Each structure stands twice: as C-alpha cells, then as structure tokens.
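Colleague: Before I rely on the labels attached to this model, I would like to hear how each of them was reached.

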Amino acid sequence: MGARSAAIFGQCSQATYPRPYDNASHKAQVRGFEHSAMREFFRSCAAKTARRAIVAVVPAAFGVVAAFPGQAAAQTAFTLPAPPFSVPFLPSVSGNWIVMIGVSGASRPDFEGTNHTKFTPVPIFAIRRPGTVDQFRSPRDNASIAIVDFGDFRAGPVGKFVTSRKASRYPELSGLADVNAAFELGGFVEYFPVDWFRVRNETRQGLGGHHGIVSDFSADFIVPVFGGLTVSAGPRFTLETAKAVSPYFSIDTVHAMATGLPVFDAKGGAHSVGVGAQLSYRINPKWEVHSYVEYDRLLGDAAKSPIVTVRGSTNQTTFGVGASYSFDVKVQ
C-alpha cells in the first residue's frame, strides 16, 4: 500500500459513528444499526478513496511524472565551470539557470510553398534565469538563451536550422536547383506588458543555403484555464530580404528551360502572415506537454513565384504535439 493510500485509509479509520446503549432490550436494534452504520462508513471511505485516487492518477496519465518525482525540482542537475571571459555591458553568466529541452513531432509542409506535408521531429531548447515567471513558449519560438531577463522583458541570442531542399526528392521541383541547409543566427526580444499577453521578435542572419535576413514577429494571448492547463493564440508576421527569398523562389533562365516555368526574380519584403494556437499542460515545475496548430499564408514574391502558383500552395499549415523538461544548471 502506497503512502497516499495509507493516508487516505488512516483518515477513514479515525471516523466515528454513534453507538446505541448496549443492553438486552436493544440488542436487535443495535445489530441493525451497526450493519447500516458500517455500510455507510465503508461507502464514505471508498468514495473518498476513489476521488483522491482519480486526482492522483490524472497527472500520471501523461506517463512521465512517476519517472521524475517532484523532489528533484529543488536540485541542481549540473554545475559548470566559470566562463573564461565576460562581455562588457552584459549580465554575468555565472549563477543559476533553468534549461528547457524537449521535442515535438510536427506534420508540416515538406518545404516552404509546397502543398505536401511530412512528419518531422522539432527540437525544443531554451535557457532562462530562475526566479522569473514560468516561461511561456510558443511553437514558433526557436532555440534561444535569455541572457537579459527582467521577468517581463527578455532578450538574447537565437538560432534556427533550415533543412536542405533537394530537387530530386520532389516531382514539383524537378529541373530546379538544390538549396543547401542553412543556419540562421541572430537575436530575440520578448515583452509581457501584462501576464496574459506576450510579443516577441526574432531577427536572424542566414548562413549556408541563404545569406538573407529573416525577421519573425509574433503575439500571443495566454489564458490559464484551470490547474496547469493553458490556451494561447495570436497573430504571426514575417519579413525577409531578397537574399533569404531568392534561393527558394527565383527561377533563372537555365532552370526555366528545364522546368517549363517562366523566369522569375523573387525580391524581399513581407513574406507571410498567419495565426497560431496552442494547448499546453504543465504537469509539474519540470514537465510540460502541448499540442498546437500554426497557419501561414505566403505573401509578396514568395506567393507570386511560379513554384507556388503552378506547383505549390500559398497556404502552409503545421500540426504538432510535444513535451519539454526543465532542469537547473549552475555556472560558477
């Protein structure tokens, strides 16, 4: 019998019920009274046990609570050596940090502009200072470190990996050039004017497959429902320079002849607009699970490219589910 069950039945064992005078004239009444009282007694205890058991089982249904007990929340998982240098005008990295890692599985377009989807894993990674409010994370947030963290305002470096686009894998890209994988590195800022609303911007410079600049804007209304359950939703908007758009949506003369598509020179500007929504459940201070949907509509030259108008779609939808785990790290 577990500790919770013992506590429940311990409380039940302390219950009392009235007992009539024990004499011969009331013997029959006593026996009937005791039988009735005992039935009520066990019925009450069983109901109490069932109610508390249900409350205890609901979090365990997520399959992760038992493996990582809440007592570990106050422990530091890792201690790292002090950094060899410091950066002027920035807070010291020494001290305690909270690291969030996880993964989500997403059904999303094979590549931007296509009308086909695939299921891919998406990593989750974020670092923040302890003592601030629980970190809200949108599925649009990329890997980031909140070096500047004032609770309602955070800023720091951010990065994103963009997979390669191989024309041989997709019939709609037949005759077009391959695009190598790209790393996008930059910074983010986010601000909570109130507890239930967040705005965030990520601006990143591409390296590899493209050398343009991508700037993502998002806003989320955050609504706690009950317990650890939270619903969030809000608009999305993206700007991209020509060097970020052209490798994926331009068609030069050689590739126009190979594909039969018209020549097209894609420029930068407003790239997409959309909306996203998320349902998340915080099981305990360490674990969180979530599901989400994101919709984007391509704009500008990305939407006008023959790759999209003839062979693809301007409508881009992503569905996903995932889980994340947070732990403490100390930097000396």
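Modeller: What follows takes a few labels in turn, bearing in mind that the model is predicted.

Colleague: Why is Phe197 called buried?

Modeller: Its relative accessibility is 18%, and buried means under 20%, so Phe197 counts as buried.

Colleague: And what makes Phe221 partly exposed?

Modeller: Phe221 has 41% relative accessibility, and the partly exposed class lies between 20% and 50%, so Phe221 counts as partly exposed.

Colleague: Why is the aromatic pair of Phe197 and Phe221 called tilted?

Modeller: The ring centres of Phe197 and Phe221 are 4.7 Å apart, where a pair needs centres within 6.5 Å; the planes stand at 45 degrees, and angles that are neither under 30 degrees nor over 60 count as tilted. This pair links distant parts of the chain, with Phe197 in strand β8 and Phe221 in strand β9, 24 residues apart.

Colleague: How do you know that Phe217 and Phe237 form a tilted pair?

Modeller: Their centres lie 6.4 Å apart, against the limit of 6.5 Å, and their planes meet at 40 degrees, so the pair is tilted. Phe217 belongs to strand β9 and Phe237 to strand β10, so the pair ties together parts that are 20 residues apart in sequence.

Colleague: How do you know that the buried residues of α3 line one face of the helix?

Modeller: Ala244, Val245, Tyr248 and Phe249 are buried in helix α3. Seen down the axis of α3, these buried residues fall within an arc of 95 degrees, so they line one face.

Technical notes:
Residues are numbered from 1 along each chain as its sequence is written. This is a predicted model: local features need pLDDT of at least 70, side-chain atom pairs count only at pLDDT 80 or more; totals for chains, interfaces and linings use all residues. Side-chain values use heavy atoms; hydrogens and water are left out. Buried means under 20% relative accessible area, exposed over 50%, partly exposed in between (1.4 Å probe, protein chains only). Helices (H or I, at least four residues) and strands (E, at least two) are DSSP runs, numbered from the N terminus. The arc is that of the directions from the helix axis to the C-beta atoms. Rings of Phe, Tyr and Trp (its six-membered ring) pair if their centres lie within 6.5 Å; planes under 30 degrees apart count as stacked, over 60 as edge-to-face and the rest as tilted.
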